[in-house]
Amino acid sequence: MCTSYSTKAKGILALDDQPSLDVEGIGFRRQRYDYMKNSRERFTLTGPGYNGEYQSGSAVTLSCQLSPELSAVNMEIRWFKGTNCVCLYKNRQVTKGRGHEGRVSLFTHQLQRGNVSLQIRHCRRLDEGDYLCQVTNGDTTEECTVKVKCSTEDSTPLRKREWTEEERMKMEQSVLLIEVSALLKLLKDKESILQERNTQLMEKDKLIQENEKLLIKNTETLQMKEKMLKEREKLLQETKDKLEQMTKQSEMNQNQLKNKDTQLENQIKLLREKETLLEHIVKEVDSSKEQLDTLRRELQDKSSKLQETMILLEQQKTVISSQMSDLIKKNKQLKETTNIITEKDTQLIERGVEEKNRLLIETTAALQMKDKLLEEKDKPLTQTRNELIQTTKTLEENHRTQMEEMERRLVEKDGKLKEMKEELNDKDIKLKEKDAIIKDHLEIIDKRDSLLKVRNERFESVNKQLKDKDTQLENQIKLLREKETVLEDTVKEVDSSKEQLDTLRKDLQDKNSKLQMMILLEQQKTELREKDKQLEEKEKLLSERNTQLMEREKQVEEKDRLLEERNKQLQETTDPDSSVPARRRNDIRVTTSNL
């Protein structure tokens, strides 16, 4: 049986009975409730043409379809078993009644095609009965009744089931109860969610406090590091000042070294000039030797002894030339040592100025000594020149005396040359000692340079660590900002959820007030119904009494009629005795009174 009706805000206005469609010989009727306003979309609800039969433990589908096939996604669907709401679909959410959780379901994936059928799983004896399906779209509501029974029972045709107003009120109450229970569940869920969020917020507050403590510690460490950095910057500035002073001193030392280098260059130039003078002297000596050779050639004829002496002189001259070559080599070594000293002086600009000054003083002293030696050598050479001149003058006079004097002078020169060799050896030893001292100083300077490098590396590592810590602090600050944004979002969500809860509470209060009003109305209706029943019973009693009275009146009328007939008969058959009719009348009166 299917019925349709349209609802308005205040109630039902009219009801028309129309014959529904017949399926397989079973007739269904459909009732439509029309309202004053037009509905959004007109549709009908088509039910099955057979009873919903089941076997114990099996599933049953109570098929209902919208025609035409409209989408029932945004509609309200209600399934009732008797007056209890079994399943409610509203606002695209399905709520199930008590005792049917997990056993009742709608085909939500087929609502788009207008399929509002109900499926009951694990059917049992208690599931038998009449089921009502209501589909509401705006102001229009369609409904259809389906009966469920066991398959073992005899199949009997469906009877027309009409739902009274009391049953509909109970249905509305069950729907309201389901909605209230669903709202209470939602409230409980939201309260649990709020509690969880509050716990999460408490945890987040703890984390924020811990992060704030960490931030305070980090700020303190940062302040300490900033102080350390300031102190280090002060130290660096002091070191920079010292370095600037050192650079200035080094520049001064470089200038002094340049001056000393110019002095050395001048001295070297003087040495070179003296070497050139020595070379000239050697050349003059060679020329004198040639002159002597010529003299010897001229005097070969005079004496063989003079030739032998001249040979000895030539040998001694060769020794002198070798000694002069040795002196030239040593002068080259001195130049090399001066070059090395200049290089070492350039390396020891920053820290070895005093030592270089000492070395320069010693080198100047050595050069002065060499100058003195050269002067001493120049003196005997001049003496030799004079002596050679005297010899050339006196060769002819006294060859023997000159040869003896030459031998004595050669002996003296050999001693002087030996002394010169010893002095050169002493100078070489002193130079070696000074080279060792310079090497030690260079090693000390290298060690200091390595220490400076190590310190610089430490400073660089400390700077890197500070940079890394700064980056870590920046990352932590970013994370804290992100957490603050998340907390603000969560606070906003909590506020919105609180507002929603307030609105839901207000709705619940309104619905509770409505329910109380409905309960009061139902109580009044029940009282009125009881009074109506009592009145109906009294009316029935009155009607029964009236019927009894009517029957008695009929009996009395019949009796009166009979009496009249008898009286007529008596009058017709009058006897002469007048006492007889009087007795008969008395008897009739007695019989009527008994009746």
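## Starting at the surface

A residue counts as exposed when its relative accessible area is over 50%. With that cut-off in hand, arginine 125 is easy to place: its relative accessible area is 54%, so it is exposed. Its side chain meets that of glutamate 128 in a salt bridge, with 3.0 Å from N to O. Do keep in mind as you look around that this is a predicted model.

## Salt bridges

The arginine 125 pair has company, as a search of the whole structure finds eight salt bridges. Another joins the side chains of lysine 90 and glutamate 179, again with an N to O distance of 3.0 Å. This pair links distant parts of the chain: lysine 90 sits in strand β9 (residues 84-90) and glutamate 179 in helix α1 (residues 165-299), 89 residues apart. The two ends have their own surroundings: lysine 90 is partly exposed, with a relative accessible area of 31%, whereas glutamate 179 counts as buried at 12%.

For a bridge within one helix, turn to arginine 561 and glutamate 565, whose side chains meet at 3.3 Å, N to O. They are four residues apart in helix α4 (residues 399-572), so about one helical turn separates them. Arginine 561 is partly exposed at 44% relative accessibility, and glutamate 565 is partly exposed at 36%. Elsewhere, Glu76, Arg78 and Glu172 are joined into one network by salt bridges that share partners.

## Strand β9 and its two partners

Let us return to β9, the strand that holds lysine 90. It is mostly covered, with five of its seven residues buried. On one side of the pairing story is β8, which runs antiparallel to β9 over five bridges. Here tryptophan 79 has cysteine 87 of β9 as its bridge partner. The hairpin of β8 and β9 has two residues between the strands, and glycine 82 in this hairpin takes a positive phi near 70 degrees.

Strand β10 (residues 93-96) also pairs with β9 in the antiparallel sense, over four bridges. Cysteine 87 appears again in this pairing, with lysine 96 of β10 as its bridge partner. Two residues lie between the strands in the hairpin of β9 and β10, where asparagine 91 takes a positive phi near 55 degrees.

## The nonpolar cores

What lies inside? The largest nonpolar core has 28 residues, and those with the most contacts inside it are Leu62, Trp79, Val116 and Val135. At least two residues of this core come from each of β6 (60-62), β8 (76-81), β9, β11 (104-106), β12 (118-120), β13 (129-137) and β14. Valine 135 shows how such a residue is surrounded: leaving aside neighbours within four places in sequence, its contacts include Phe43, Leu45, Leu66, Met75, Ile77 and Val116. Glu76, a member of the salt-bridge network, is also in contact with valine 135.

Apart from the largest core lies another, of nine residues, including Leu183, Leu187, Leu501 and Leu504.

## A buried threonine

Among the contacts of valine 135 is Thr141, which belongs to strand β14 (residues 140-150). Buried or exposed: which word fits threonine 141? Its relative accessible area is 2%, so it is buried, given that the cut-off for buried is under 20%. The side chain of threonine 141 has a polar contact of 3.1 Å with that of threonine 136.

Methods: Residues are numbered from 1 along each chain as its sequence is written. This is a predicted model: local features need pLDDT of at least 70, side-chain atom pairs count only at pLDDT 80 or more; totals for chains, interfaces and linings use all residues. Side-chain values use heavy atoms; hydrogens and water are left out. Buried means under 20% relative accessible area, exposed over 50%, partly exposed in between (1.4 Å probe, protein chains only). A polar contact is a pair of N or O atoms within 3.5 Å; within protein, one must be able to donate a hydrogen and the other to accept it, and residues adjacent in sequence count only if both atoms are side-chain atoms. A salt bridge is a side-chain nitrogen of Lys or Arg within 4 Å of a carboxyl oxygen of Asp or Glu. A nonpolar core is a set of buried Ala, Val, Leu, Ile, Met, Phe, Trp, Tyr and Cys residues joined through side-chain atoms within 4.5 Å. Contact means heavy atoms within 4.5 Å. Two strands pair if DSSP finds at least two bridges between them.
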